[in-house]
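Dear colleague,

I am handing over the structure below for your consideration. A summary of what was found in it follows.

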Amino acid sequence: MNRKFSSGKLVIASHNAGKVREIGELLAPYGVDVVSAGDLGLAEPEETGTTFVANAELKAHAAAQASGLPALADDSGLAVDGLGGDPGIYSARWAGPSKDFQAAMALVNDKLGNNPDRSGRFICALALAWPDGHCETFEGVVEGDLVWPLRGLAGFGYDPMFQPKGHAVTFGEMDPNAKHAISHRADAFRKLVAACFE
Ligand code: IMP
């Protein structure tokens with residue numbers, strides 16, 4: 001049995017205002033009142049986990065402990081089969097301090113070389129933790145292929161390189177609503193909502 005979120009305030013363990021707003025909108029129909037870790041002045045823990053789930057869990061636990069409220073955290077990235085799952089949890093770090101995702105995508109392409117296997121997936125882990133230490137985790141996935149040259153200017157991060165299976169366009173070329181319907185994040189949120197909010 002999953003533990004349900006009863007009602008009231010939920011801390012979103014993120015300092016990214018855009019992400020907090022988006023999650024607030026997704027959960028508004030369930031009577032959830034979201035507040036961000038940034039607004040509460042909570043420190044951001046170091047992401048020392050070796051998996052997406054571990055990193056989401058440590059962020060959710062830290063925010064729940066510090067605030068005394070249930071807390072939701074996410075962690076996501078791109079895992080490429082031909083690179084043994086890299087960049088994986090290091091997806092943001094491959095773009096460097098200047099957040100240069102053109103360079104990060106070029107690095108993925110260079111490392112793949114002429115490997116015929118260009119398959120990969122975006123993964124999103126969500127962790128919902130309570131102050132008593134209980135935690136529920138969910139993982140969402142979207143399978144795809146890494147294309148080169150890059151295509152499309154919509155989206156962010158590795159979107160121009162990622163063509164979801166069964167589609168002829170990359171996430172960078174896709175209408176944002178079409179991406180949101182099939183993304184790893186949407187998959188993880190559907191599981192979270194079904195388990196803990198409905
Ligand atoms: P975070 O979970 O917000 O820290 O995101 C980790 C990194 O994964 C981002 O900086 C992006 O590089 C990459 N990433 C996660 N989700 C997506 C996506 O939907 N499109 C493109 N890149 C993504």
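**The sheet and its packing**

The sheet in this predicted model is open and built from six strands in the order β2-β1-β3-β4-β5-β6, with mixed pairing. Strands β2 (32-36) and β6 lie at the edges, each pairing on one side only. On average, neighbouring strands of the sheet are turned by 35 degrees against each other, direction ignored.

Within the sheet, strand β1 (residues 8-12) and strand β3 (residues 71-80) run parallel and are joined by two bridges. Here valine 11 stands opposite alanine 71 of β3.

Strands β4 (residues 119-129) and β5 (residues 135-146) run antiparallel, with eleven bridges between them. One pair of bridge partners consists of isoleucine 123 and valine 141, the latter in β5. The hairpin of β4 and β5 has five residues between the strands, and glycine 133 in this hairpin adopts a positive phi near 100 degrees. On to the edge of the sheet: β5 also pairs with β6 (residues 162-164), in the antiparallel sense and over three bridges. Leucine 146 has phenylalanine 162 of β6 as its bridge partner.

**Helix α5**

Which strands does helix α5 touch as it packs on the sheet? Helix α5 (residues 184-196) touches β3, β4 and β5, and its direction makes about 155 degrees with that of β5. The helix has 13 residues and reaches 18 Å from its first C-alpha to its last, close to the 18 Å expected at 1.5 Å a residue.

Helix α5 is mostly covered, with ten of its 13 residues buried. Among them are His184, Arg185 and Asp187, as well as Phe189, Leu192 and Val193. The buried residues of α5 pack against α1 (17-27), β3, β4, β5 and α4 (176-182).

**The nonpolar cores**

The largest nonpolar core has 20 residues, of which Leu10, Leu27, Leu72, Leu128, Leu192 and Phe197 touch the most other members. Two or more residues of this core come from each of β1, α1, β4 and α5. The most are given by α5, with six residues.

Leucine 128 may serve as an example. Leaving aside residues up to four places away in sequence, leucine 128 touches Leu10, Ala71, Leu72, His134, Cys135, Glu136, Leu192, Cys196 and Phe197. There is also a second, separate core of 18 residues, which includes Ala13, Ala64, Ala127 and Ala129.

With kind regards

Notes. Residues are numbered from 1 along each chain as its sequence is written. This is a predicted model: local features need pLDDT of at least 70, side-chain atom pairs count only at pLDDT 80 or more; totals for chains, interfaces and linings use all residues. Side-chain values use heavy atoms; hydrogens and water are left out. Two strands pair if DSSP finds at least two bridges between them. Helices (H or I, at least four residues) and strands (E, at least two) are DSSP runs, numbered from the N terminus. Axes are lines fitted to C-alpha atoms, for helices over the stretch in contact, and angles run from 0 to 180 degrees between N-to-C directions. Contact means heavy atoms within 4.5 Å. The expected span of a helix is 1.5 Å times one less than its number of residues. Buried means under 20% relative accessible area, exposed over 50%, partly exposed in between (1.4 Å probe, protein chains only). A nonpolar core is a set of buried Ala, Val, Leu, Ile, Met, Phe, Trp, Tyr and Cys residues joined through side-chain atoms within 4.5 Å.
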